[in-house]
Amino acid sequence: MPEFQISRESLEARDAVSDCDSIAQRIESYRHLYPKNNPKLIVASESADAAPVECCIPEVTLEELSADCLRSALAEHGALIVRNMFSQEEADTLVGAIDHVLDACGKSRVERANLSGTYHNPPANMLSIMPNKGMELGSLRMFNNASGAAMCVEAPSVAETLLQLYEEHGVQKLVGDYLGEPACLSVKKWVLRRSKLPVDKAGWHQDGAFMGTDINSINMWIPLTECGGETGAPGMDVVPERLHEVASSDGATFDWSVSDEYIDSSAFKSQPVAPVFGPGDTMFFDHLYLHRTQSRDDFTKVRYAVETWFFGASTFPKDQIPMAW
Ligand SMILES: O=C(O)CCC(=O)C(=O)O
């Protein structure tokens, strides 16, 4: 049983000022750090002449999870699902926290003035760390707000709690071993999500299309409520195979996205799938995995999730705003 338990009470009892300082320092410590040139990449840009593998998403239990199993699943299939990595209680506490954070982020500055710091207390250096300062931070916040999301660091007490929870579950060691060096996180791509319905259909993408591909990455995506498949709540649509490069954006809505036509073409070995997830499951994947928020017209249920992108301490995309762990 993990020693670190999260609950609404423990979250709200935290020192919001000290958590804010701590997140500010994590951000600050990367201000003048730049990634290595020509890094050794985990995913080569060309596939080795390996034996063909079945297109599927491998699944393991928490007991079976190791850096080796993560490495071979990502090398062969692009992703790994770990069932019940976090408990129902942990998932429920995080759902409550996400409601508070997203509600706070949706309020005006005046309305936010009376809120406690637990759920909204963004560090001041979030502004100066963005290459395009207020314009960039403002449009990021607008984009997130419109899609039912917020950067985790908007609520440093939630962010610090998650880091403790991850450490307690062995994630820091796991991703460090996978990446071959200590991990850093992304200010921009560490995101709390509460889906808005209907889900935009145009969302097929690989994060490498905007992060770049000269990086080592791993995303831990944690659905906090049941979703996917026929559950009525949007899970994730994925192309379940190892890709080695960014797919064409021809005909797509954005220069970083992929059109439905391209997905339906014969460009890939596999057809998209939409796995069913339970609260506290996780899916690990990297910047070349092709996915979108599952999209169907008949969804009726909201889905909560936490998305956390980790990068190698020297193999990060600078514009995703790395921060120390
Ligand atoms: O939660 C979602 O539906 C989208 C998550 C995503 O695109 C990601 O984790 O990269």
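The dialogue below goes through several features of this predicted model, from buried residues and helices to backbone angles and the ligand shell.

User: What should I know before I look at single residues?

Analyst: Residues are numbered from 1 along each chain, as its sequence is written. Because the model is predicted, local features need pLDDT of at least 70 and side-chain atom pairs count only at pLDDT 80 or more, while totals for chains, interfaces and linings use all residues.

User: Is L74 buried or exposed, and how is that decided?

Analyst: A residue is buried if 20 or more other C-beta atoms lie within 10 Å of its own, exposed if 12 or fewer, and partly exposed in between, with C-beta atoms placed from the backbone. L74 has 22 other C-beta atoms within 10 Å, so L74 is buried. By contact we mean that the C-beta atoms of two residues, placed from the backbone, lie within 7 Å, and L74 touches A79, L80, F284 and D286 when residues up to four places away in sequence are not counted.

User: Where does L74 sit, and which residues of that element are buried?

Analyst: Helices (H or I, at least four residues) and strands (E, at least two) are DSSP runs, numbered from the N terminus. L74 belongs to helix α3, which covers residues 67–77 and has L70, A73, L74 and H77 as its buried residues.

User: Why do those residues lie on the same side of α3?

Analyst: An α-helix has 3.6 residues a turn, so residues three or four places apart point the same way. In α3 the buried residues cover an arc of only 100° around the axis, which puts them on the same side of the helix; the arc is that of the directions from the helix axis to the C-beta atoms. What covers these residues includes β2 (79–83), α9 (171–179) and β7 (282–285). Just after α3, G78 takes a positive phi of about 85°.

User: How can I compare the span of a helix with what is expected, and how many residues of α8 are buried?

Analyst: The expected span is 1.5 Å times one less than the number of residues in the helix. Helix α8 (residues 156–168) has 13 residues and should therefore span 18 Å, which agrees with the 18 Å between its end C-alpha atoms. Ten of the 13 residues are buried, so α8 is largely enclosed by the rest of the structure. Among the buried residues are V158, A159, L162 and L163, and the buried residues of α8 pack against α1 (8–12), α2 (16–28), α4, α9 and β9.

User: How does α7 read on the two points of span and burial?

Analyst: The 14 residues of α7 should span 20 Å, and this agrees with its end C-alpha atoms, which are 20 Å apart. The count of buried residues in α7 is zero, and the helix is hardly covered. K133 lies in this helix, which runs over residues 133–146, and K133 counts as exposed because it has 11 C-beta neighbours inside 10 Å.

User: Which residues other than glycine have a positive phi?

Analyst: K133 is one of them, with phi near 45°. I321 is another, with phi near 60°; I321 is found in the loop between β9 and β10 (322–324) and counts as buried, with 25 C-beta neighbours inside 10 Å. Another backbone feature is the peptide bond from L197 to P198, which is cis, with omega near -5°.

User: What is a nonpolar core, and which residues touch the most other members here?

Analyst: In soluble globular proteins, nonpolar side chains tend to be buried together. A nonpolar core is a set of buried Ala, Val, Leu, Ile, Met, Phe, Trp, Tyr and Cys residues joined through C-beta atoms within 7 Å. The largest one here has 80 residues, of which A79, V101, C152, V158 and F284 touch the most other members. Its largest share, seven residues, comes from helix α4 (residues 88–105).

User: Which residues are around the ligand?

Analyst: A residue counts as near a molecule if its C-beta atom, placed from the backbone, lies within 6 Å of it. Around the ligand are R193, D207, N219, W221, M236, H291, T293, A305 and E307. The elements that give two or more residues to this shell are β5 (217–223), β8 (291–293) and β9 (304–312).
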